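Student: I am new to this structure and should be grateful for a close look at a single part. Please explain what surrounds that part as well, in one connected account.

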Amino acid sequence: MLPFYSMLMRSMDRFVCIHGHFYQPPRENPWLEEVELQEPAYPYHDWNERIKAECYDPNTASRIMNPEGKIIGIVNNYSKISFNFGPTLLYWMERHAPHVYEAILEADKRSMERFSGHGSAIAQVYNHIIMPLANRRDKYTQVKWGIKDFEKRFERSPEGMWLPETAVDVETLEVFAELGLKFTILAPHQAAKIREIGGQKWFDVTGGKIDPKRAYLCRLPSGNSINIFFYDGAISHEVSFGGLLNNGEIFAKRLVGAFTEQGGNPQLVHIATDGESYGHHHPSGDMALAYCLHYIESNNLARITNYGEFLEKFPPRYEVQIIGNTSWSCVHGVERWRSNCGCNTGTNPGWSQEWRRPLRDAMDWLRERLAPPFEIKASKYLKDPWEARDDYIVVILDRSRQNVERFLAKHARKDLSEEEKRMVLKLLEMQRHAMLMYASDGWFFDEISDIEAVQVMRYATRAMQLGYECLGAQLELEYTSMLKNAPSNIPKFANGAKVFEMFVRPAIVDLIKVGVHYAISSLFNRKESGLSKVYCYNVDDQIYEVSKAGRLMLAIGRSRISSEITWDEEVISFSVLWLGDHNVFGGAREFMDDNTFSAIRDKIKSSFERADIREMVRSMDEFFGTSSYSLKNLFRDEQRRIINGILKVSVENATSYYRRIFEDNYPEMRFLTDMGVTPPRALQAAMDIIINLEIQKALTAEEIDIELVERMIEDARRLSIRLDEGLIGLKASSKIASELGKLVNEPENVENLEKVERLVELLSKLPVRLNLWQSQNTIFSLGRQYYHSMRERSEKGEEEAARWLAAFDRLSEKLGVQVQL
């Protein structure tokens with residue numbers, strides 16, 4: 001071990017920077033502006049929610065553990081690393097995980113205090129398009145939107161910007177420089193040659209031979225320049241794929257081991273990976289990151305920094321030329337996003353990605369078909385349509401009526417009527433979706449029927465729908481014809497056109513469909529005020545009448561549906577009949593005059609009062625034509641909620657039946673399992689269902705019955721019950737966190753402390769993975785606040801204080817927390 005002073009002197013010219021690229025593809029339904037239920041993310045609602053729980057949230061309060069595996073500190077990792085978050089991910093997070101969102105913004109502020117006024121957050125190209133494959137106009141808008149989004153959220157200008165997949169070309173760097181960005185980050189194999197600034201001789205560094213431990217200046221043809229950091233490729237790869245996050249100390253030593261003996265020259269060892277490595281791809285990866293940084297700092301092995309600070313202190317001494325049309329995740333450059341280059345996930349041997357080229361061609365064709373008429377049409381209302389598009393991000397960030405009016409007043413060439421305002425908003429939304437359809441994930445994976453490819457096709461379809469409404473352009477037929485050339489690897493899907501028909505067309509929404517959703521769902525859940533919200537649409541009932549007769553229910557009404565996005569609105573008339581169970585039949589159509597509506601209403605209600613179902617259905621067919629709907633037409637989340645409600649009685653009856661089987665056969669099942677005999681499958685199924693339900697019920701009860709849970713856990717063990725590990729693990733973790741949360745309000749309540757201790761001990765016996773980071777952080781914080789005073793009181797003879805200390809010590813031990821005083 002080097003003497004402290006020697007280590008301190010050595011660390012003064014050694015710097016470490018860890019960059020995390022935190023990103024999820026935009027998953028919002030293009031018509032609803034919300035992420036709908038994604039069943040593969042179970043037990044969470046969707047992938048954003050799941051990855052937030054596994055990665056984004058834990059990194060805001062990550063635990064530092066000592067060699068004995070006890071937590072000795074809590075740190076917001078974001079405040080000590082360099083990071084970027086995808087703007088579309090932050091858009092989701094701001095609304096659905098505000099505490100995580102605020103912690104990320106706060107981390108950036110704290111990083112400015114640590115790193116000489118340089119925040120650790122950098123911006124990102126807006127919706128993760130592959131920049132070398134974009135035209136210059138889209139490049140400019142994407143960078144402009146990324147900068148404006150960053151400024152709105154972080155309340156400062158970004159110094160750097162992350163390139164999606166680090167895909168780069170010179171034109172993109174020109175746009176970066178033109179818009180005032182100081183640096184970006186690339187992979188080492190993207191460098192072509194270097195020379196000293198002011199020198200003449202260039203040195204070849206292709207094949208990743210560039211020294212990544214310094215910053216480089218890249219001079220551009222325009223005369224502008226931008227700084228580039230080339231991350232350490234080997235260490236970055238080991239973090240992502242080599243198990244380096246299994247141990248924080250080994251991680252730290254690997255970073256420090258990359259320094260060379262260059263006396264006097266500052267060195268920056270830095271890596272860049274997907275931020276999801278720290279918790280989602282690698283469970284507890286956030287803790288490895290936290291301990292790595294703690295180990296480096298506490299042992300004075302190097303100084304932790306970020307790119308902005310290092311660049312200010314040590315400007316480039318070398319300039320670099322890049323290899324254009326390259327990226328970090330395709331050895332063929334950027335072919336992964338436009339051809340069958342051979343790059344794929346590796347999980348489907350023998351599959352082809354021949355679909356990528358036709359999908360890319362279809363998107364490029366659509367973009368070019370929409371751009372000229374957009375410019376012509378928008379020029380009637382806007383001073384400069386493309387400048388307005390560049391500025392449209394201010395509307396995306398704040399869709400309040402006042403803000404949108406302010407935007408329109410700034411860009412309009414004249415006073416606009418309400419109809420013209422709607423036209424402008426739809427034209428700009430068309431352009432927004434014409435860029436969202438290029439999100440890189442649409443091409444990254446293996447199959448055109450994957451949700452990522454379907455998602456970009458949905459964005460394209462929304463752009464086409466708006467193109468038809470604004471420009472009269474009928475583009476879908478030719479677009480889907482091009483998709484026929486995109487072969488699927490799965491026979492039942494055939495090609496992209498078939499995928500479109502199966503997964504894209506059914507998702508298309510118009511105001512009539514929103515009205516139908518409202519009409520059907522109103523039978524089960526309607527606000528008395530008559531004012532409702534269906535995602536990004538407002539519903540205002542003008543007439544709403546409901547009639548009931550036994551199990552039958554009829555709703556007839558007329559409502560105004562309006563979009564918060566485009567300000568489009570329409571008055572629709574509807575009639576919906578519920579026959580009980582899942583049998584719902586309805587119809588809707590555009591506005592009809594009062595006399596026509598009254599005639600329809602009277603005829604349908606007359607049939608209902610006579611219980612003449614056939615006549616009612618015939619009348620609805622007559623008045624609403626082919627526009628008939630059922631539960632299948634509901635949006636996914638509401639559909640699930642209503643179906644669960646309809647099936648509630650059936651599920652309860654089935655559960656009662658299984659419970660009788662459980663109770664009648666429980667002794668025999670215990671006997672069989674104790675004898676090592678495999679029970680009959682029918683009886684085992686009943687046991688599995690009831691014990692899973694009982695454990696879940698107990699874990700969600702306001703007051704947990706610990707004795708009941710203990711019996712259920714023992715039965716699960718003895719009867720070899722197949723537990724729903726994901727759901728029970730989530731509920732058990734949440735219950736522990738909830739009970740510990742009560743201690744925050746009553747920190748000296750010994751009975752509650754002992755109850756939580758027993759609960760943790762009990763639930764730790766479940767054969768499921770518990771996510772205890774929130775509970776560990778809570779007990780650590782409580783210990784820091786109260787342990788010292790309680791110990792002093794115990795030393796003065798207070799029995800309750802001594803009892804509190806004993807319970808706290810036992811609970812801390814079970815949670816793996818050590819409170820250092």
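Tutor: The account below begins with one sheet, follows its central strands, and then moves to other parts of the structure.

The model is predicted, so local features are taken at pLDDT of at least 70 and side-chain atom pairs at pLDDT 80 or more, while totals for chains, interfaces and linings use all residues. Residues are numbered from 1 along each chain as its sequence is written, and side-chain values use heavy atoms, with hydrogens and water left out.

The sheet is open and has 6 strands in the order 7-11-10-14-8-9, with mixed pairing. Its edges are strand 7 (183-186) and strand 9 (203-204), each of which pairs on one side only. Helices (H or I, at least four residues) and strands (E, at least two) are DSSP runs numbered from the N terminus, and two strands pair if DSSP finds at least two bridges between them. Strands of a sheet pair through backbone hydrogen bonds, in either a parallel or an antiparallel arrangement.

Strand 10 (215-219) is a good place to start. Of its 5 residues, 4 are buried, so strand 10 is largely enclosed by the rest of the structure. Here buried means under 20% relative accessible area, exposed means over 50%, and partly exposed lies in between (1.4 Å probe, protein chains only).

On one side, strand 10 pairs with strand 11 in the antiparallel sense over 5 bridges. These two strands form a hairpin with 5 residues between them, and in that turn G223 has a positive phi of about 100°. Within the pairing, L217 stands opposite N227 of strand 11. Strand 10 also runs parallel to strand 14, to which 2 bridges join it. L217 takes part here too, with E319 as its bridge partner in strand 14.

From strand 14 (residues 318-322) the sheet continues to strand 8 (residues 191-196), an antiparallel pairing over 5 bridges. One bridge there is between K193 and Q321, the latter in strand 14.

The sheet also has a helix lying across several of its strands. Helix 6 (residues 170-178) lies across strands 7, 10, 11 and 14, and runs at about 115° to strand 11. For that angle, axes are lines fitted to C-alpha atoms, for helices over the stretch in contact, and angles run from 0 to 180 degrees between N-to-C directions.

Which residues of helix 8 are buried? In helix 8 (residues 248-256), they are G248, F251, A252, L255 and V256. They lie on the same side of helix 8, because they cover an arc of only 130° around the axis; this arc is that of the directions from the helix axis to the C-beta atoms. Strand 1 (14-22), helix 7 (233-241), strand 12 (267-274) and helix 9 (285-298) are among the elements that cover these residues. Contact, here and below, means heavy atoms within 4.5 Å. At the start of helix 8, a side-chain oxygen of N247 comes to within 2.9 Å of the backbone nitrogen of E249.

F251 leads to a wider view. Together with I18, M93 and Y479, F251 touches the most other members of the largest nonpolar core, which has 153 residues. Helix 17 (residues 451-471) gives the most to this core, namely 10 residues. Another core lies apart from it and has 48 residues, including I728, L743, A807 and V817. A nonpolar core is a set of buried Ala, Val, Leu, Ile, Met, Phe, Trp, Tyr and Cys residues joined through side-chain atoms within 4.5 Å. M93, once neighbours within four places in sequence are set aside, is in contact with Y56, F85, P98, V100, Y101 and I104.

A final site is R156, in the loop between helix 5 (136-154) and strand 6 (161-162). R156 is buried, with a relative accessible area of 13%. Its side chain makes a polar contact of 2.8 Å with the side chain of D108, and also reaches the backbone oxygen of A121 at 2.8 Å. A polar contact is a pair of N or O atoms within 3.5 Å; within protein, one must be able to donate a hydrogen and the other to accept it, and residues adjacent in sequence count only if both atoms are side-chain atoms. Not counting residues up to four places away in sequence, R156 touches D108, M112, G119, S120, A121, F150 and E151.
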